[in-house]
Amino acid sequence: MKLTSFILGMLFLGAIPTLAQGNEQAIQDVYKNLPFDMPRVEAPSFPERSVLLSDYGAVGNGAELCTEAFSKAIAALENQGGGHLIVPGGVWFTGPIELKSNIDLHLEKDAVILFSPDVDLYPLVETVFEGLDTKRCQSPISGHDLENVAITGQGAIDGNGHFWRPLKKSKVTESHWKKTLSSGGVLKRDDYWFPYAEALKGDSLSDMNVPQNLKTDEDWHKIRHFLRPVMVSLVSCKNVLLEGVIFQNSPAWNLHPLMCENVIIENVLVRNPSYAQNGDGLDLESCKNSLIINSTFDVGDDGICLKSGKDQDGIKRARPCENVIINGCTVFAGHGGFVVGSEMSGGVKNVLVSDCKFLGTDVGLRFKSTRGRGGVVENIWVDGVSMMDIPTEPVNFNLYYGGKSAVEVLESGETVPAKVDPMPVDETTPAFRNIFINNLICRNARRALYFNGLPEMPIKNIQLSNVYITSEEGAEFIYSDDIIMKDVKIIPQKGKEVTTSYCNNIDIK
């Protein structure tokens, strides 16, 4: 009997374990002593029906395009009421894949889905990027308004993102830079490369990667090479499962569930090169009831990030990211381990981060926003996080975020405290409050803590307990009120353990 036939038979018998079958105890554990009310999130179930991708004309040789085969296989399953689309061993070269309800895209252990870098295969679609309503090229994997959808297995999905992304010379070796230049493309300046002239033009028309003031379809099409997509885009879906798979080399963000409900991301590996522009690992945006457990992130931007829209688009949407459990995760390279913002205009609330490791991320816990964004971030619990070799701070609040990484901010000297004139408080004023950080250990940070709030809306009611940090410099609090530190040990190589500017009620026990 062929191995593929054997696996298909096991699927028909329901013998391949789903998360609900094989990791029930892990889910039970994360719900214990939860400090907020949250309904139990169940893994989606699928009909015991399977089809094999290769039965629809696909060839897994890494060269022949399989876009039509994916479409036919998914349509066949959809017409039968759903089931499992089995991707067998091989390299399956393809254009975009559109998922449907009640379908599990299941990759066998030696299966690789490799997306074509041909921009012409990815039409422009209405979407959301960096919290704003906009247009982008269609994502390699997408799903809209679905119920019961999954990507599972032990294979890998590669977005061929290096064909889409710009590159900064300072982030790579000299040999890498020379090889990139020899491949073609154009330079914005001597140290900043774009793969296409159209991409460079799009950059000139954009504010933080989102083009402004484009009026016609022709205007958008002229810069479509700049409009690189997130790799996995799931919008307004219910009952989502991502389990076991490697997601890597995305054109922009890697995983982007947007306005979804009941999301489980378990035991995945999310990878991007350290030099990947906008190479976030996971951006969970305006989602409700989510579990992120036992997963690993090693990326070029923020690792695990919670968002809820940006500025007026996010305020109008008014959908917070809420009820999120993050447990047992590891983040390697990245601008932040666990991040909230900066697109948080709809609010973020009811979050537990526990038993995680951040190994060499620019920041450990990163909270960022700016005036004009609005939104309230509150009721965040962090319990049991270990960090080492953090170039900036284990915990960073910055309410003056301007698109730079924390390392770039630190190197620029922008962290020097200065008196700031207060602005009127209205719906555009961001607020960060009621955040509880317990059992945190960090060895070798640049600065122990950095809280930089707004005079009209200070960072408020942050409690730290049982914290141990070794760092070059101590903690610094600016425009921060009602900060309680209990059993906090900061060991700086120089200077004071704690300095404050324009603060009230800093309570150190």
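**Exercise 1.** Are Phe 129 and Trp 253 buried or exposed?

*Solution.* Start with the model. It is predicted, so local features need pLDDT of at least 70 and side-chain atom pairs count only at pLDDT 80 or more, while totals for chains, interfaces and linings use all residues. Residues are numbered from 1 along each chain as its sequence is written, and side-chain values use heavy atoms, with hydrogens and water left out.

Now the two residues. Phe 129 and Trp 253 are both buried. Buried means under 20% relative accessible area, exposed over 50%, and partly exposed in between (1.4 Å probe, protein chains only).

**Exercise 2.** Describe the ring pairing of Phe 129 and Trp 253.

*Solution.* Apply the rule. Rings of Phe, Tyr and Trp (its six-membered ring) pair if their centres lie within 6.5 Å; planes under 30 degrees apart are stacked, over 60 edge-to-face, and the rest tilted. The structure has 12 aromatic pairs. In this one, the ring centres of Phe 129 and Trp 253 are 4.9 Å apart and the planes stand at 45°, so the pair is tilted.

Next, place the partners. Phe 129 is in strand E8 (residues 124-129), and Trp 253 is in the loop between strands E20 (246-248) and E21 (255-258). They are 124 residues apart. Strands (E, at least two residues) and helices (H or I, at least four) are DSSP runs, numbered from the N terminus.

**Exercise 3.** Work out which strands flank E3 through His 84.

*Solution.* Two strands pair if DSSP finds at least two bridges between them. Take E1 (residues 50-52): three bridges join it to E3, in parallel. There, Ser 50 stands opposite His 84. Take E6 (residues 103-107): it pairs with E3 over five bridges, also parallel. In E6, Asp 104 is the bridge partner of His 84. Finally, check the cover: five of the five residues of E3 (83-87) are buried.

**Exercise 4.** Find the edges of the sheet E13-E15-E14.

*Solution.* The three strands form an open, antiparallel sheet in that order. E13 (167-168) and E14 (186-189) each have a single partner strand, so one side of each is left without a neighbour in the sheet. E14 joins E15 (residues 192-194) through three antiparallel bridges. Leu 187 faces Trp 193 in E15.

**Exercise 5.** Locate the charge over Tyr 450.

*Solution.* A charge sits over a ring if NZ of Lys or CZ of Arg is within 6 Å of the ring centre and within 35 degrees of the ring normal. The charged end of Arg 447 lies over Tyr 450, 4.1 Å from the ring centre.
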